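Please open the model in your viewer and keep the selection tool at hand. The tour goes from one selection to the next and says what is found at each stop.

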Amino acid sequence: MPLYNKVSTFRKEKGLNQEDLGKLVGVSRQTISLIERGDYNPSIIVCLKLARVFEKSVEEVFSYVEDERK
C-alpha cells in the first residue's frame, strides 16, 4: 500500500533542511529522511503538521495509491 509524498519537494521550496523541518513538526532529521524516501508512513498528526508548515492540504503532500494487483 504505497503512500507517496512530496515532502522533499515542498521542504526545498521552503528553503528548509531536514533537521529544521523535523524541529518544526517535532520529529528527528532521520524521521524526515525516512518519510521522504517512503520508508516510513508518518502518523496523521505528523502529516497534518507537515501540511501546515508547507501551507498545503494533506492531500497535496501525501497521496495513496491502491495496489491494483489485488
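Which are the buried residues of helix α3 (residues 29-37)? Bearing in mind that this is a predicted model, select the helix and colour T31, I32, S33, I35 and E36, which are its buried residues. If you then display their surroundings, you will find that these buried residues pack against β1 (3-5), α1 (7-13), α2 (18-25), α4 (44-54) and β2 (62-64).

From that set, keep E36 on screen and add R11, which is found in helix α1. The side chains of R11 and E36 meet in a salt bridge, with 2.6 Å from N to O, and the pair links distant parts of the chain, R11 in helix α1 and E36 in helix α3 being 25 residues apart. Are the two partners buried or exposed? R11 counts as buried because its relative accessibility is 9%, under the 20% cut-off, and E36, with a relative accessible area of 18%, is buried as well. Selecting what surrounds R11, and leaving aside its neighbours within four places in sequence, you will see that R11 is in contact with L16, N17, Q18, L21, E36 and F54.

One of those contacts, F54, leads to the next stop. The structure holds 1 aromatic pair. F10 and F54 form this pair, which is tilted, with 5.7 Å centre to centre and 50 degrees between the planes. The pair links distant parts of the chain, since F10 lies in helix α1 and F54 in helix α4, 44 residues apart. Both rings belong to buried residues, F10 having 9% relative accessibility and F54 having 4%.

Now widen the selection to the largest nonpolar core, which has 15 residues and in which V7, L21, L50, F54, V61 and F62 touch the most other members. The helices α1, α2, α3 and α4 each supply at least two residues of this core, and α4 gives the most, with 6 residues. In soluble globular proteins, nonpolar side chains tend to be buried together. To inspect one of these members, centre on V61: apart from its neighbours within four places in sequence, V61 is in contact with Y4, N5, K6, V7, F10, A51, F54 and K56.

Return next to the end of α3, which is followed by G38, a residue whose phi is positive, near 80 degrees. G38 lies in the loop between α3 and α4 and is partly exposed, with a relative accessible area of 41%. If you draw a distance from G38 to S63, 25 residues apart in sequence, the two lie 11 Å apart in space, C-alpha to C-alpha. On either side of G38 you can select D39 and R37, which form a salt bridge whose closest N and O atoms are 3.0 Å apart; D39 is exposed, with a relative accessible area of 53%, and R37 also counts as exposed, at 53% relative accessibility.

How many salt bridges does the structure hold? There are 4, and one of them joins E55 to K14, with the closest N and O atoms 3.4 Å apart. E55 sits in the loop between α4 and α5 (58-61) and K14 in the loop between α1 and α2, 41 residues apart; E55 is exposed at 65%, whereas K14 is partly exposed at 38%.

For a last selection, show the surface of I44, I45 and L48, which make a nonpolar patch of about 290 Å². I44 lies in helix α4 and counts as exposed, at 54% relative accessibility.

Definitions and conventions. Residues are numbered from 1 along each chain as its sequence is written. This is a predicted model: local features need pLDDT of at least 70, side-chain atom pairs count only at pLDDT 80 or more; totals for chains, interfaces and linings use all residues. Side-chain values use heavy atoms; hydrogens and water are left out. Buried means under 20% relative accessible area, exposed over 50%, partly exposed in between (1.4 Å probe, protein chains only). Helices (H or I, at least four residues) and strands (E, at least two) are DSSP runs, numbered from the N terminus. Contact means heavy atoms within 4.5 Å. Patches are made of residues with over 30% relative accessible area and no salt bridge: like charges are joined within 9 Å, nonpolar side chains (Val, Leu, Ile, Met, Phe, Trp, Tyr) within 5 Å. Accessible areas come from the Shrake-Rupley method with a 1.4 Å probe; for residues, only the protein chains shown count as cover. Rings of Phe, Tyr and Trp (its six-membered ring) pair if their centres lie within 6.5 Å; planes under 30 degrees apart count as stacked, over 60 as edge-to-face and the rest as tilted. A nonpolar core is a set of buried Ala, Val, Leu, Ile, Met, Phe, Trp, Tyr and Cys residues joined through side-chain atoms within 4.5 Å.
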